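Reader: Hey, can you walk me through this one? I'm new to this, so keep it simple.
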Amino acid sequence: MKETFVDLHCHSTASDGTLAPARVVRLAVERGLSALALTDHDTVAGTGEAESEARKAGIDFISGIEISAEYPHPGTMHLLGYGVDPERPALRDLTRTLLEGRDNRNPKIIAKLRELGVDISMEEVVAEAGGKVIGRPHIAAILHRKGYVSSIKQAFDKYLAPGGLAYFDKERLTPKNAVGMILESGGIPVLAHPIQLRYQNDAQLERTVKDLIDLGLRGIEVLHSDHDAAMVEKYSALAQRYGLLKTGGSDFHGTNKAAIDLGNANGRKIPREFFDALVQAKKAAAIKTGAVANAK
Ligand code: AMP
Ligand code: MN
Ligand code: MN
Ligand code: MN
């Protein structure tokens, strides 16, 4: 059979991407991909639309979510949950908790910006986001449009990133809770873009991965737009050593991260076998827990 490629990490308007879920799927088709996972931050609201578009377009689809976990600054730990089941109460609890964290943080950012003389309101930000997941990229887009900054990146550098004038952190789950809730939601937990942990050395990275495996981690994102050849090799070796699934994706966000294209992880394509292995793992996990009816 002809070799095909996939993308297992991307965002839609359901979180901080700029294309609607169905449009992300159609772009995947344009790029010749044979399967897609939508991994919006803190929500699966785009799953239904993406899944039905994928069915119409004849490509394969698996649900996904990306969540942040507590991790010492300046690193960030993001976990992907593949095959989470939108019907499970655990997933609803998880997304509710994550959205509350945003609802507590966002007004602080807006108040600070107003104090700094920026003309911006919460209503504008809600309108910009269009969905339920309201994030800093939506605020950045308004700052850019109104001419306070010359790019989204500058909005982060000056105002929204750690050290910026209007930076506030949101509450995060512990890694234990994040992995645990992905599992309870019927998902396969995967460590996203390990480079963003900003580990000091390989031993520290390996310890973090081992700790996560003890909590139930099943995979590691090997291919990503932030990963160079040496990193791809390092993370593949870790996957091999610990029997982890390898995943990969572009982290496409539409024009919010204009340099990133769907299906392209820093010049590399993501092999179909990554998707097939995830689907197998999801099926096996569902059989083990007796939740066969939910297996997709
Ligand atoms: P939030 O989830 O609201 O805390 O916003 C985080 C999101 O902002 C990330 O998922 C990225 O999409 C985006 N982001 C974070 N840092 C930057 C940056 N320096 N430049 C552009 N986008 C960023
Ligand atoms: Mn994002
Ligand atoms: Mn991420
Ligand atoms: Mn992402």
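Author: Sure, a definition to start: buried means under 20% relative accessible area, exposed over 50%, and partly exposed in between (1.4 Å probe, protein chains only). By that rule, both His-78 and His-193 are buried. This is a predicted model where local features need pLDDT of at least 70, side-chain atom pairs count only at pLDDT 80 or more, and totals for chains, interfaces and linings use all residues. Residues are numbered from 1 along each chain as its sequence is written, chains are lettered from A and ligands numbered from 1 in the order written, and side-chain values use heavy atoms, leaving out hydrogens and water.
Reader: OK, what coordinates the manganese ion (ligand 3)?
Author: Glu-66 (OE), His-78 (ND1) and His-193 (NE2) do, at 2.1 to 2.2 Å. Donors are N, O and S atoms within 2.8 Å of the metal (3.2 Å for Na, K and Ca); water is not among the atoms, so sites may look incomplete.
Reader: And which residue bridges ligand 3 and ligand 4?
Author: Glu-66 bridges those two manganese ions, which lie 3.6 Å apart.
Reader: What else coordinates ligand 4?
Author: Besides Glu-66 (OE), the manganese ion (ligand 4) has His-9 (NE2), His-11 (NE2) and Asp-251 (OD), at 2.1 to 2.2 Å.
Reader: Are His-9 and Glu-66 buried or exposed?
Author: His-9 is buried, and Glu-66 is too.
Reader: New topic: how far apart are ligand 4 and ligand 2?
Author: Those manganese ions are 5.0 Å apart.
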